[in-house]
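Welcome! Take a moment to look over the structure below, and then let's walk through some of its contacts together.

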Amino acid sequence: MTTIHTIEDLLSVLDEKPEWVEALRARLLTPELLNLPEKFAQFSAEMNKFVAETNKFVAETKKFMEEMNKFVAATDRRFDSLENRVQSIQDDVGTLKGAHARSAALREAPFIAGDMGLRWVKDLTPADLWALTDRAPADIPANELNSFRRADLIVEATNLDSGEPCYIAVEISFTANGRNTTRALRNAAFLTQFTGRRSYPAIASLRRDHRIEGVIESGEVFWYQLDREILEAE
């Protein structure tokens, strides 16, 4: 019979008799602890499965996001292209509207002069404007002179009361804005400078930007409103 006096004796016996280890484990450990290895193995298996499913989900999500990014990029390109086409159409329409307003305003030149208390004499031609700029001082920039030569409408007129010759510098637009009033004022100043005659700035349009109402109401620039029916007559 094996005698056990020390822990070393016990360990030696357990090494020699593995079945005693199992018996001792069953006596010392609770059922929960005894089942722990099996449960841990199950937990590890489930975690491995969860990790695999998570990796699969991440991979599928990444692929989905890549496809979505491609779709968004393609959609952005289509919208950019559409926006460019719309802007191009708007620009073309704006150009056509401006040209149509100019054509209508040119026919209205005598009425513009009449509403300003003047009598229309004639519309100046581009050749007339070039001749006027021959008298321009040398310090006027070339781009300013070229802009003047391309004025929308320059009218030679006379004052109804005094018969004094004068000019009207008219800028034409579908919707008048600050650019039109600025050009009209500049062109009128050039006409006076080149001819020594009184000149009046005017704008002709169907509508006007509210930001130029002050300069119109003050009388600094005359506004001739084009009739919509005139624009639709062509």
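This predicted model holds three salt bridges. Here they are, each with the distance between its closest N and O atoms:

| Arginine | Acidic partner | Closest N and O atoms |
|---|---|---|
| arginine 186 | glutamate 144 | 3.3 Å |
| arginine 183 | glutamate 171 | 2.9 Å |
| arginine 211 | aspartate 209 | 2.7 Å |

Let's start with the salt bridge between glutamate 144 and arginine 186. This pair links distant parts of the chain, with glutamate 144 in helix H6 (residues 142-149) and arginine 186 in helix H7 (residues 178-195), 42 residues apart. Glutamate 144 counts as partly exposed because its relative accessibility is 26%, while arginine 186, at 17%, counts as buried.

Next comes the salt bridge of arginine 183 with glutamate 171. Arginine 183 lies in helix H7 and glutamate 171 in strand S3, so the pair ties together parts twelve residues apart in sequence. Both arginine 183 and glutamate 171 are buried.

In the salt bridge between arginine 211 and aspartate 209, arginine 211 is exposed, with a relative accessible area of 68%. Aspartate 209 is buried, at 16%.

Strand S3 (residues 165-172) also leads us to strand S5, as the two pair in the parallel sense over six bridges. Here isoleucine 172 stands opposite alanine 204 of S5. Four bridges also join S5 to strand S7 (residues 222-225), again running parallel, and isoleucine 203 has tryptophan 223 in S7 as its bridge partner.

Why is S5 (residues 199-205) described as largely enclosed by the rest of the structure? Because seven of its seven residues are buried. Both faces are covered: Ser199, Pro201, Ile203 and Ser205 are buried on one side, and Tyr200, Ala202 and Ala204 on the other.

Technical notes:
Residues are numbered from 1 along each chain as its sequence is written. This is a predicted model: local features need pLDDT of at least 70, side-chain atom pairs count only at pLDDT 80 or more; totals for chains, interfaces and linings use all residues. Side-chain values use heavy atoms; hydrogens and water are left out. Buried means under 20% relative accessible area, exposed over 50%, partly exposed in between (1.4 Å probe, protein chains only). Two strands pair if DSSP finds at least two bridges between them. A salt bridge is a side-chain nitrogen of Lys or Arg within 4 Å of a carboxyl oxygen of Asp or Glu.
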